[in-house]
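Please open the model in your viewer with side chains shown, and keep a selection box ready. The tour below moves from one selection to the next and says what is to be found at each stop.

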Amino acid sequence: MLAGILSGLLGGCIVAEPPVVMAPPPPPVAQVEVVPVAPGPGYVWVEGHWAWRRRGYVWVPGHWVVPAAPGYVWAPGHWAPRGGGFVWIEGRWRAR
C-alpha cells in the first residue's frame, strides 16, 4: 500500500532543469596550459576553464576526450554575462 501511495505521489513529479551556476564577479583570465601528448589517435583536447564554487573561482584543468561521434567538434564552454553576474554555459559536441 505504501508503495502505491509513493508511486502516486512521485508519478506526477516534474523533474526540474539542473540549476544554473551564477557567479557574481567576472572569471579570471584563462590559465595557460601545457597540452600533453594525446593518449591516442582521434582524441580532442578540451581546454581548462574556471568553475565557480562557494568561495570563488577554481581552475578545472583541460583533458583529452574522444569525440561523441565521427564528424563532431567540441564547442567549448564559456562564461556569459547575465543579470549582474556571470553564467557558465556548458561545452558541447556539435556537428561540423
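A residue is called buried when its relative accessible area is under 20%, exposed when it is over 50%, and partly exposed in between, with a 1.4 Å probe and protein chains only. By that rule Trp88 is buried, since its relative accessible area is 15%. This is a predicted model, in which local features need pLDDT of at least 70 and side-chain atom pairs count only at pLDDT 80 or more, while totals for chains, interfaces and linings use all residues. Residues are numbered from 1 along each chain as its sequence is written, and side-chain values use heavy atoms, with hydrogens and water left out.

Colour by secondary structure next. The protein has one helix and nine strands, which follow one another from the N terminus as α-β-β-β-β-β-β-β-β-β; helices (H or I, at least four residues) and strands (E, at least two) are DSSP runs, numbered from the N terminus. Of the 96 residues, 21% count as buried.

Now select Trp88, which is found in strand 8, and add Trp50, Tyr57, Trp59, Trp79 and Phe86: together these six residues make up the largest nonpolar core. Such a core is a set of buried Ala, Val, Leu, Ile, Met, Phe, Trp, Tyr and Cys residues joined through side-chain atoms within 4.5 Å. Strand 4 (56-60) and strand 8 (85-89) each supply at least two residues of this core. Still with Trp88, select Pro27 as well, and the C-alpha atoms turn out to be 10.0 Å apart in space although 61 residues separate the two in sequence.

Keep Trp88, Tyr57 and Trp79 on screen and add Trp52, because these four form one aromatic cluster under the rule that rings of Phe, Tyr and Trp (its six-membered ring) pair if their centres lie within 6.5 Å, with planes under 30 degrees apart counted as stacked, over 60 as edge-to-face and the rest as tilted. The structure holds six aromatic pairs. In one of them, the rings of Trp45 and Trp64 have centres 5.3 Å apart and planes at 65 degrees, so the pair is edge-to-face. This pair links distant parts of the chain, with Trp45 in strand 2 (residues 44-46) and Trp64 in strand 5 (residues 63-65), 19 residues apart. Trp45 counts as buried at 19% relative accessibility, whereas Trp64 is partly exposed at 24%.

Move on to Trp74 and Trp93, an edge-to-face pair with 5.2 Å from centre to centre and 70 degrees between the planes. Here Trp74 lies in strand 6 (residues 72-75) and Trp93 in strand 9 (residues 92-95), 19 residues apart.

Which residues does Pro36 contact, once its neighbours within four places in sequence are left aside? Selecting Pro36, in the loop between strand 1 (22-23) and strand 2, shows contacts (heavy atoms within 4.5 Å) with Trp45 and Trp64. Pro36 itself is partly exposed, with a relative accessible area of 43%, and its C-alpha atom is separated by 8.8 Å from that of His63, 27 residues away along the chain.

As a last setting, contacts between residues at least 6 apart in sequence can be displayed, and 46% of these join residues at least 24 apart.
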